[in-house]
Amino acid sequence: MSEPLVISQLPYEERYTLPAIERLADTPEQVLHKQTRIRELLRKRNAVLLAHNYQRDEVQEVADFVGDSLGLSQQAARTESDVIVFCGVHFMAETASILCQDKTVLLPDLKAGCSLAAALSIEELREWKAKYPGAVVVAYVNTSAAVKAESDYCCTSANAAKVVASIPEDKEILFVPDKFLGAFVALQTKRKNLIAYPGYCHVHRTIRSGQVTAMLESRPEIELMIHPECGCVSSCMTKVLDGTLPQRRTFFLSTEGMFRHVQESPAKQFAVATEIGMLHRLRIQQPDRDFLPVNPDAVCAFMKTITLDKILRSLETLSPEIRVPAETARRARRAVDRMLEIV
Ligand code: SF4
């Protein structure tokens, strides 16, 4: 793989403001009451509630569908509801708007941004493309609608390798914006002409290879599931290849891939290397298994901004709405459709 591009712009950490995580004091009865009211309003508004795997537990519980970016996009694309309440982050609601221009897409809190999406502006992408004429741009779904509109393909962690493999081998690929996923996909596909943009997610970057090694050493039977956005992914993959990490217990998986893996695995204990919201659904689906976070501090404050109260307000007022302008949506649609086709 070529050297990553270093763009001398504003440091990534200065491009976004992390919201404070609200500590909620609702009793179980109050939670149930709010969830019941949300279900009533969803019916009244002919609305569907989609929630990402990293959402708060009580938000996941009230959702019509819980999943990863790919699954949520698929659900948005096929829904017949008039309103989509998107419990995720801004770029996800934008993707829903790209796919459903005739629907009202609500994001209950506009502070739900994403550090990874903030790492790449449209100007930076255009500048980068100009340096590599003829290159194909593959954009991870964690990008703004404007960036998607400038890209040839969109992908999620679930299908990034397949998308890259579908592009003719002689074509140079600019992979944006995640350097960890880019490096992982280049290794997986043995692609030498993939150049990864140097962005990263501030949450996944904190998941380090030392934490992974310590977890595997202290629990000889535990299986390790690593999301490819993690800061440790390339070094873990190298360690699997040179035998330092046990191949039979180490798996690189998207969040939905983790659910499938657990269903098929005989293991009783799993170490989970991603945002800790994942543990809730895993524990509900597999109550007889044990799930441990590799880094218990891997919490996405953006994802946690959405609360039951904000969903209620959003359904009552039909705001805040996310609407991608028609021309941007039309141009981004080609890349997003390719993401949905290659699964
Ligand atoms: S976990 Fe990282 S990539 Fe996912 S929404 Fe939060 S900041 Fe973005």
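Start by selecting Arg260, Gln263 and Glu264, the exposed residues on the other side of α12 from the buried Thr255, Met258, Phe259 and Val262. Buried residues have 20 or more other C-beta atoms within 10 Å of their own, exposed residues 12 or fewer, and partly exposed residues lie in between, with C-beta atoms placed from the backbone. The model is predicted: local features need pLDDT of at least 70, side-chain atom pairs count only at pLDDT 80 or more, and totals for chains, interfaces and linings use all residues. Residue numbers run from 1 along each chain as its sequence is written.

Helix α12 spans residues 255-264; helices (H or I, at least four residues) and strands (E, at least two) are DSSP runs numbered from the N terminus. Its four buried residues cover an arc of only 100 degrees around the axis, which puts them on the same side of α12. The arc is that of the directions from the helix axis to the C-beta atoms. Next, show β9, β11 and α13 (278-285), which are among the elements covering the buried residues of α12.

Move to helix α10, residues 209-218, and select the buried Ser209, Gln211, Val212 and Leu216. They lie on the same side of α10, because their arc around the axis is only 160 degrees. The face turned away from this buried side holds the exposed Gly210, Glu217 and Ser218. Add β9 (223-226), α11 (233-242) and β11 (269-273), against which the buried residues of α10 pack; contact requires C-beta atoms, placed from the backbone, within 7 Å.

Keep α11 and add helix α9 (residues 179-189): their axes come within 8 Å and cross at roughly 25 degrees. Axes are lines fitted to C-alpha atoms, for helices over the stretch in contact, and angles run from 0 to 180 degrees between N-to-C directions. The pair is therefore roughly parallel (under 35 degrees; over 145 is roughly antiparallel, 65 to 115 roughly perpendicular and the rest oblique). Phe180, Ala183, Phe184 and Leu187 of α9 meet Val233, Ser234 and Met237 of α11.

For another crossing, select α4 (residues 90-99) and α15 (residues 326-341), whose axes come within 9 Å at roughly 100 degrees. These two helices are therefore roughly perpendicular to each other. Thr95, Ser97, Ile98 and Leu99 of α4 contact Ala329, Ala332, Arg333 and Val336 of α15.

Finish at the ligand. Of the 14 residues around it, Cys114, Leu116, Cys201, Val203 and Cys300 come nearest; a residue counts as near if its C-beta atom, placed from the backbone, lies within 6 Å.

Technical notes. Two residues are in contact if their C-beta atoms, placed from the backbone, lie within 7 Å. A residue is buried if 20 or more other C-beta atoms lie within 10 Å of its own, exposed if 12 or fewer, and partly exposed in between; C-beta atoms are placed from the backbone.
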